Amino acid sequence: MIRPLNVAVVGAGPAGVFTADILRQQPFPTRVDLFERLPVPFGLVRYGVAPDHPRIKAIIDSLHAVLDRRDIRLVAGVDVGTDIGIDRLRAAYDAVILTTGADDDAPLPIPGVDLPGSFGASAFVSWYDAHPDAAREWPLDAEHVAVIGAGNVALDVARMLAKHADDLLSTEIPDHVHEGLRRSRITDVHVFARRGPAEAAFSPLELRELGEVADVDVIVDPADMVFDRSSEELMKSSNQRRIVARTIREWSERDPATRTASRRIHLHFMQAPVRLDGTDRVEGITVERTRHLVNGTVEGTGELRHYPVGQVYRAVGYASSPVPGVPFDPVRRRIPNEQGRVLDSAGTPIPGLYVSGWIKRGPVGLIGSTKSDSLQTVSQLVADLERRPLDGPDRDPLPPLREAAGVTAVDWDGWLRVDAHERALGAERGRERIKVADRGELRDIAARAEAVVA
């Protein structure tokens, strides 16, 4: 009788859950353990999506359904690389698949970027999403702030900065986030994109929602509506680009006399950040006007503009962090691999070590890309297994690893207790849930044997 294939999947976000699910669908017995360093699962779906996007967060429902089958074991609150070394994990399992995602900000190499008042978008997102590792206080003490970036994260950050706190009381934000937003002094949010409206990576839905925020005007300078031949070709080939450009154009044509909101979001195009200004903290941002080149890129024109802002949020992309003991490319910020097989410094696949998701391919693509990516990685694992048949007696690798970790792992029942607790907190105020932010409190709730498990 063939013993089960023992696989450890590291990271319980969408990539990890999809990978574990595909493993369980293989036509041979598998035992899959899903490790997560946080006390709760679901990764960036729980901690990287703005709280006023419940339909996007509905992805959690599908991930929940997979784990609720209980044929994949959740091992949360255990940090692979710290609590359990990667070598120990590889020795215990037939294969290890790393799906740790992208939890950091891509660098923006301009002068002044390290000044106080300059923030990576991921830190702000973690704060308003009640991430256990985020600070409880966030300084929203400037009236004018800047957001650098032309993607959906930049839109989320700008919207959350401009939105009135009470308009978020129907969401899952905890009291400390609501209070921080309520005290905000922000009146104007300036969003800077180095290319034109047609090249912006906004989704039409996200952009339309920006224009529907209560008591917030969206302002676009008609002079920023710059299109060249490559822009026109982009809009011809992509309905999404065409809708985005049309929406932005409509905003640029609005009569200034109709702007009556107490807060404003300014969308600036063809303006690239040059430096952040200030001595002891951010006091402004200097940008350079850009122009299109024939190949579709842009270059600086030498025309500089200064905007007085008290904070800057850098939303120029996410980046992965290394896993201790695993090869890592510090330039591309991902684990070197060939179709999911992790490569050593000589470019040779490391037996039994695989990677999937954003730490494999970079922070691009949505759920569909993540699923196909997971399928590719599992396919490589299965092909390798055919060349390396399983032998020896069946053994469960998890109990000795749990003991060696020296921490109490949160299992699926523990998550259900947290889930039930957060939903109960929300029900008291007519909301779906209110998040618990404190790591220790999450662990305590998960460990309560008397808690209701729905």
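**Sheets, a helix and salt bridges**

D71 is partly exposed, with a relative accessible area of 25%, where buried means under 20% relative accessible area, exposed means over 50%, and partly exposed covers what lies in between, as found with a 1.4 Å probe on protein chains only. R69 is likewise partly exposed, at a relative accessible area of 40%, and the side chains of R69 and D71 meet in a salt bridge, with 3.3 Å from N to O. A salt bridge here is a side-chain nitrogen of Lys or Arg within 4 Å of a carboxyl oxygen of Asp or Glu.

This is a predicted model, in which local features need pLDDT of at least 70 and side-chain atom pairs count only at pLDDT 80 or more, while totals for chains, interfaces and linings use all residues. Residues are numbered from 1 along each chain as its sequence is written, and side-chain values use heavy atoms, with hydrogens and water left out.

The sheets offer a way into the fold. Helices (H or I, at least four residues) and strands (E, at least two) are DSSP runs numbered from the N terminus, and two strands pair if DSSP finds at least two bridges between them. One open sheet has seven strands in the order 3-2-1-4-18-17-16, with mixed pairing. Its edges are strand 3 (72–76) and strand 16 (337–338), and because each has a single partner strand, one side of each is left without a neighbour in the sheet. Within this order, strand 1 (residues 5–10) and strand 2 (residues 30–36) run parallel and are joined by six bridges, and N6 has R31 in strand 2 as its bridge partner. Helix 1 (residues 14–24) lies across strand 1, strand 2, strand 3 and strand 4 (95–98), running at about 170 degrees to strand 2; axes are lines fitted to C-alpha atoms, for helices over the stretch in contact, and angles run from 0 to 180 degrees between N-to-C directions.

Another open sheet has three strands in the order 11-12-13, with antiparallel pairing. Strand 11 (271–277) and strand 13 (298–307) stand at its edges with a single partner strand each, so one side of each has no neighbour in the sheet. From one strand to the next, the twist averages 25 degrees. Strand 12 (residues 284–292) pairs with strand 13 in the antiparallel sense over seven bridges, and I285 stands opposite Y307 in strand 13.

Helix 8 (residues 175–182) has V177, H178, G180 and L181 as its buried residues. They lie on the same side of helix 8 because they cover an arc of only 160 degrees around the axis, the arc being that of the directions from the helix axis to the C-beta atoms. Helix 6 (121–128) and helix 7 (152–162) are among what covers these buried residues, contact meaning heavy atoms within 4.5 Å.

Salt bridges link further parts of the chain, and the structure holds 36 of them. One joins K163 to D52, with the closest N and O atoms 2.7 Å apart. K163 is in the loop between helix 7 and helix 8, and D52 is in the loop between helix 2 (43–47) and helix 3 (54–57), so that the pair links distant parts of the chain, 111 residues apart. Both partners are buried, K163 at a relative accessible area of 13% and D52 at 15%.

Helix 8 also takes part, since D175 forms a salt bridge with R429, the closest N and O atoms being 2.7 Å apart. Because D175 lies in helix 8 and R429 in the loop between helix 15 (412–427) and helix 16 (439–447), the pair ties together parts that are 254 residues apart in sequence. D175 is partly exposed at 45% relative accessibility, and R429 is partly exposed at 47%. Finally, a network of salt bridges links R46, D419, E422, R423, E432 and R433.
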